[in-house]
Amino acid sequence: MNSAKEILKHLISIDSQFNRSNKEIIDYIQKLFVIYESKIYSVDNSDIDLYNLVIKIPGEQSESPLVFVGHTDTVLFSEKWNRNPLIAEEENGKLYGLGASDMKSGIAIILSAVLNLNKKPTKDIYLVFDCDEEYGGKGGLDLIKKFSLKNANVIILEPTSRKIILGQKGCIDLEIETFGKALHASLVSPEKSEQFNANYKAVKIFMALKEYEKEIYLNSDEDYGHPTIALSYICGGSGAANVISDKCVIRLSRRLIPLENLDQVYKEMEEIILKEDPNAKIRKLFYGGPFKSSSEGKFTNFVKNLSKEFFPEIEFGIKLSWTEASLFSEWGETIIFGPGREEMAHQIDEYVFVEDLEKFTEICNKIIEKY
């Protein structure tokens with residue numbers, strides 16, 4: 001019997017922080033399913049080796065496949081943890097460890113459910129495990145270019161606090177660099193500062209984006225609130241008071257409501273930045289669109305009705321943070337639904353309730369059985 005709890009303990013023991021290769025966790029999952037068709041996709045990445053994995057469990061029919069998606073990477077852990085983040089510990093009905101909530105518990109429940117299948121499913125099932133969701137989003141973007149499905153129903157196994165999530169804000173994270181020439185402070189003039197001081201150029205961009213923030217905030221959505229921009233970081237110079245800066249860096253995070261278009265929003269910001277400094281260098285740190293689904297969807301209500309047996313008060317909800325639902329919704333009707341509490345994602349001493357592991361595994365069993 002492959003219980004979700006025991007699988008999760010092993011997954012936690014595999015260090016898959018986003019700054020290292022996820023090959024070990026991909027190999028572990030693939031070996032569990034040696035009797036099924038699977039394929040590993042190498043992801044183009046200059047820094048570390050990254051991989052995506054797709055496993056197919058054939059059903060009686062191939063039309064309208066059922067798809068479960070989970071990302072294999074976690075955020076970095078800090079020294080503030082009060083326990084070893086790579087050793088799963090169970091205490092007071094909670095299982096602690098890095099990724100316990102976001103989202104190795106989601107992977108564990110579907111692995112357990114499928115490994116314990118006692119008959120061939122009615123429809124084909126695909127298990128999709130990708131990389132780099134927590135940092136740059138390369139994994140999902142790469143996979144949908146190399147592999148596709150049609151008329152599918154998709155569950156993104158992120159932590160959802162026992163809700164079925166039907167939408168999320170989009171996210172554009174940018175790094176902007178301005179360039180100048182280092183000069184001794186005694187040699188500057190207003191004209192030279194404008195021409196050579198990278199900090200001056202960055203501040204002009206910063207203030208223009210601050211005005212842009214006021215403009216976009218006038219828009220709103222009843223469920224998703226306002227589009228926002230967080231000007232999170234600005235740094236330039238050597239630290240010396242008597243030398244002007246030859247380079248300055250700004251980082252920001254722009255959050256989109258579903259009515260906004262990802263590419264159009266990027267162009268708006270690009271125009272603002274380059275108007276203030278045509279020589280500024282713009283780099284996309286993260287680029288993911290918003291997602292919105294309907295509460296009237298056939299598959300959505302199928303999952304909700306099955307889940308009421310385990311969570312009688314189950315509700316629909318939305319996320320203000322980003323998930324890969326915006327990518328994989330290209331394949332068909334998509335929901336976000338998985339064990340774990342949203343507020344535990346990326347937290348010190350992260351945990352998942354053991355009860356949720358058990359109930360969500362049973363829900364997955366029911367979904368596969370009744371689909």
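These entries cover a three-stranded sheet and two helices that lie across it.

Setup. I worked on a predicted model, in which local features need pLDDT of at least 70, side-chain atom pairs count only at pLDDT 80 or more, and totals for chains, interfaces and linings use all residues. Residues are numbered from 1 along each chain as its sequence is written, and side-chain values use heavy atoms, with hydrogens and water left out.

Sheet. I took helices (H or I, at least four residues) and strands (E, at least two) as DSSP runs numbered from the N terminus. I counted two strands as paired if DSSP finds at least two bridges between them. I found an open antiparallel sheet in the order β4-β5-β16. Its edges are β4 (89–91) and β16 (351–353), each pairing on one side only. From one strand to the next I noted an average twist of 25°; axes are lines fitted to C-alpha atoms, for helices over the stretch in contact, and angles run from 0 to 180 degrees between N-to-C directions.

Central pairing. I looked up β5 (residues 94–96), which pairs with β16 over three bridges in the antiparallel sense. Leu95 is opposite Val352 of β16.

Helices. I then checked contacts, meaning heavy atoms within 4.5 Å. Helix α1 (residues 4–13) lies across β4, β5 and β16, at about 20° to β5. Helix α10 (residues 354–370) lies across β4, β5 and β16 too, at about 60° to β16.

Helix pair. I found that the axes of α1 and α10 come within 9 Å and cross at roughly 115°. Ala4, Lys5 and Leu8 of α1 meet Val354, Leu357 and Thr361 of α10.
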